[in-house]
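Visitor: I'd like a walk through this model, one question at a time. Could you show it to me?

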Amino acid sequence: MRAIDEVFAEIQAGVGEFDAERVGARFTSNASFTTPAGQRFDGWAAVNAHHRRQLASPVEGFRTSITVERVTFPEPDTAVVFVRQNASTTAGDFANAGTWVLVKRDGGWWVHAVHNTNVAITR
């Protein structure tokens, strides 16, 4: 579990530094990434290009945190990770719920597939 938490800590740090290379460092070459708007990017280069575009023009006051809420292991070298990403900007707050599939390769965990969904924030 700790190794999986470290993957998400590294991704969060990359987002916080607006560093797409750091965000994508643990994605597989054939990863797929689906945004909350339903856009899907297939392959590391496409996922990385998306993150570069998103992080190139950060929204004023952007801050985010990723919390691993649950991890299941359908196979010993496959983890399905349920996360919540809370974010805030000077314009307001938002959140995403994500389902991430990680695979174990070469002794480490790698992101293979991601699907994010917007979460309504109620007050």
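Guide: Sure. One term up front: contact here means heavy atoms within 4.5 Å. And keep in mind that this is a predicted model.

Visitor: With that in hand, which residues does Gln 39 touch, leaving out those up to four places away in sequence?
Guide: Start with where Gln 39 sits: in the loop between β1 and β2. Its relative accessibility is 44%, so Gln 39 counts as partly exposed. Not counting residues up to four places away in sequence, Gln 39 touches Phe 33 and Thr 34.

Visitor: And how far apart are the C-alpha atoms of Gln 39 and Ile 4?
Guide: Along the chain, these two are 35 residues apart. In space, their C-alpha atoms are separated by 25 Å.

Visitor: Let's go to Ala 31: buried or exposed?
Guide: Ala 31 is found in strand β1. Past its neighbours within four places in sequence, Ala 31 is in contact with Phe 41, Asp 42, Gly 43, Trp 44, Val 47, Val 111 and His 112. The cut-off for buried is under 20% relative accessible area. With a relative accessible area of 0%, Ala 31 is buried.

Visitor: Over to helix α3: what should its 13 residues span, and what is the distance between its end C-alpha atoms?
Guide: Helix α3 covers residues 44-56, and the rule is 1.5 Å a residue. That gives an expected span of 18 Å, which agrees with the distance between its end C-alpha atoms: 18 Å.

Visitor: Which elements do the buried residues of α3 pack against?
Guide: The buried ones in α3 are Val 47, Asn 48, Ala 49, His 50, His 51 and Leu 55. Val 47 also turns up among the contacts of Ala 31, which is found in strand β1. The full list of packing partners is α1 (2-16), α2 (20-24), β1 (27-34) and β2 (40-42).

Visitor: Now the largest pocket: which element gives the most to its lining?
Guide: The largest pocket holds about 630 Å³ of space and is lined by 26 residues. Nearest its centre lie His 50, Gln 54, Phe 62, Gln 85 and Asn 96. At least two lining residues come from each of α1, β1, α3, β4 (78-89), β5 (92-105) and β6 (108-119). With 4 residues, the element that gives the most is α3.

Visitor: How many residues of that lining are charged?
Guide: The lining divides into 15 nonpolar and 11 polar residues. As for charged residues, there are none: no charged.

Visitor: What is the angle between the planes of Phe 18 and Phe 62?
Guide: The structure holds 5 aromatic pairs. Phe 18 and Phe 62 form one that is tilted, at 6.3 Å centre to centre, with 50° between the planes.

Visitor: How many residues apart in sequence are the parts that this pair ties together?
Guide: Phe 18 lies in the loop between α1 and α2, while Phe 62 lies in the loop between α3 and β3 (63-75). At 33% relative accessibility, Phe 18 counts as partly exposed. Given those two loops, the pair ties together parts whose separation in sequence is 44 residues.

Visitor: Then Phe 27 and Phe 33: which aromatic cluster holds them?
Guide: Phe 27 and Phe 33 make a tilted aromatic pair, 6.4 Å centre to centre and 55° between the planes. Phe 27 counts as buried at 4% relative accessibility, and Phe 33 counts as buried at 7%. The cluster is made up of Phe 8, Phe 27, Phe 33 and Trp 100.

Methods
Residues are numbered from 1 along each chain as its sequence is written. This is a predicted model: local features need pLDDT of at least 70, side-chain atom pairs count only at pLDDT 80 or more; totals for chains, interfaces and linings use all residues. Side-chain values use heavy atoms; hydrogens and water are left out. The expected span of a helix is 1.5 Å times one less than its number of residues. Buried means under 20% relative accessible area, exposed over 50%, partly exposed in between (1.4 Å probe, protein chains only). On a 1 Å grid over the protein atoms alone, a cavity is a set of points where a 1.4 Å probe fits but cannot get out, and a pocket is an open set with protein on both sides within 12 Å along at least five of seven lines; lining residues have an atom within 4 Å of a point. Grid points are joined across faces, edges and corners, and a volume is the space filled by probe spheres set on the points. Ala, Val, Leu, Ile, Met, Phe, Trp, Tyr, Cys and Pro count as nonpolar, Asp, Glu, Lys and Arg as charged, and the others, Gly among them, as polar. Rings of Phe, Tyr and Trp (its six-membered ring) pair if their centres lie within 6.5 Å; planes under 30 degrees apart count as stacked, over 60 as edge-to-face and the rest as tilted.
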